[in-house]
Amino acid sequence: MFRVGDEAPVTVTSNGAPGGWRLAEGTQVPEGFRFSAHVVEQVVRDLLEVEAQDVLAGEAATEAKAALAQAHDTVEARLKNGKSVVLRLSRASESKDTVFVQLEGDARMYEVSAVAASQVRKRLVDFRDLLLLRFALEQVSQVRIQAGDTTVVVAKEAQGWVLIEPQSPPESFRFDASQVEAHLIWLQRLEASRLLDAAVQDVQAGLSPPVASVEVSEEGGAVQTLRLGNAVPDAPAGYQEVYARGSRDGFTYAVEDRARAWLSRGLALFSGP
């Protein structure tokens, strides 16, 4: 169970099977929300790896007790044996790179890094599935990449992956079929950095027409499409993001600009030694 701020607590449960995490029955979610069991699995790993930087004493312990006596966040893990482990976290401060922590039933006060605390301090929105494409690797029959005026198409034929377009690549180009599967795996794992709440026109976002796009076709006719656009103006400090929209839903996302830079390589993506 995760309780952050004034938001409703979020409870996730597991049926014991790999990837068997689910939101507790009755959890109210926004329209179109897709839950990610993978995020929960990562949080569990992070929770097991949280290490105290210091055990506090004296004035520092007094300060920690005062902070945790006020508004704080909670993570509760219920174990298979019926026991519970409850972690209380003080609110993060911009002026400090640590937060105070206390385990329920333990009078001692600890200090952990703010980064470690953020990895286990989760809201409902943090459990959103941000994967932009979904396809079966073994079913992919064609990949089309468009970047500006450049189009690259590779297709799976009886002898394996072949280059379809451009029909006349540069003489120095050597097609490396092994690169296709590697890039498809990368696309399978590509996640948006966040869902964008503010409405933006497709033309303004650079999504119609897209600055860059990729189409992944599967046997049977299913096609997954990812469109990437212009830079997102309100990206967090230190990040560069572009607008993105996948065919899994109609939402607009932000994704790190490395994805657009990757697609813009075009033919070079499949170049061999």
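Here is a short chat about the pockets, the cavity, a sheet and two cis bonds in this predicted model.

User: Before we start, which pLDDT do local features need here?
Analyst: Residues are numbered from 1 along each chain as its sequence is written, and side-chain values use heavy atoms, with hydrogens and water left out. In this predicted model, side-chain atom pairs count only at pLDDT 80 or more, totals for chains, interfaces and linings use all residues, and local features need pLDDT of at least 70.

User: What is the volume of the largest pocket?
Analyst: On a 1 Å grid over the protein atoms alone, a pocket is an open set of points with protein on both sides within 12 Å along at least five of seven lines, while a cavity is a set where a 1.4 Å probe fits but cannot get out; lining residues have an atom within 4 Å of a point. Grid points are joined across faces, edges and corners, and a volume is the space filled by probe spheres set on the points. For the largest pocket, that comes to about 950 Å³.

User: Which residues are the closest to the centre of the largest pocket?
Analyst: The lining of the largest pocket has 34 residues. By class, 22 are nonpolar, seven polar and five charged (Ala, Val, Leu, Ile, Met, Phe, Trp, Tyr, Cys and Pro count as nonpolar, Asp, Glu, Lys and Arg as charged, and the others, Gly among them, as polar). The closest to the centre of the largest pocket are Val44, Leu47, Ala77, Arg78 and Leu79.

User: Which element gives the most to the lining of the second largest pocket?
Analyst: The second largest pocket has a volume of about 760 Å³, and 24 residues line it. Helices (H or I, at least four residues) and strands (E, at least two) are DSSP runs, numbered from the N terminus. H1, helix H4 (178-189) and strand E16 (253-256) each supply at least two lining residues there. With five residues, the most comes from H1.

User: Where does the largest cavity get the most of its lining from?
Analyst: The largest cavity holds about 40 Å³ of space. Its lining is made of Val143, Ile145, Val180, His183, Leu184, Leu187, Trp262 and Phe270, and by class seven are nonpolar, one is polar and none is charged. E9 and H4 each supply at least two of them, but the most, four residues, comes from H4.

User: Why do E11 and E12 each have one side without a neighbour in the sheet?
Analyst: Eight strands form an open, antiparallel sheet in the order E11-E10-E9-E13-E14-E15-E16-E12 (two strands pair if DSSP finds at least two bridges between them). E11 and strand E12 (194-195) stand at the edges, so one side of each is left free because each has a single partner strand.

User: Which residue stands opposite Gln142?
Analyst: Strand E9 (residues 140-147) and E13 run antiparallel, joined by seven bridges. Across from Gln142, in E13, you'll find Ser217.

User: What is omega for the bond that joins Glu165 and Pro166?
Analyst: Pro166 sits in the loop between strand E11 (160-165) and H4. The peptide bond that joins Glu165 and Pro166 is cis, with omega about 5°.

User: And what is omega for the peptide bond from Ser208 to Pro209?
Analyst: Pro209 is in the loop between helix H5 (202-205) and strand E13 (212-218). The bond from Ser208 to Pro209 is cis, and its omega is near -5°.
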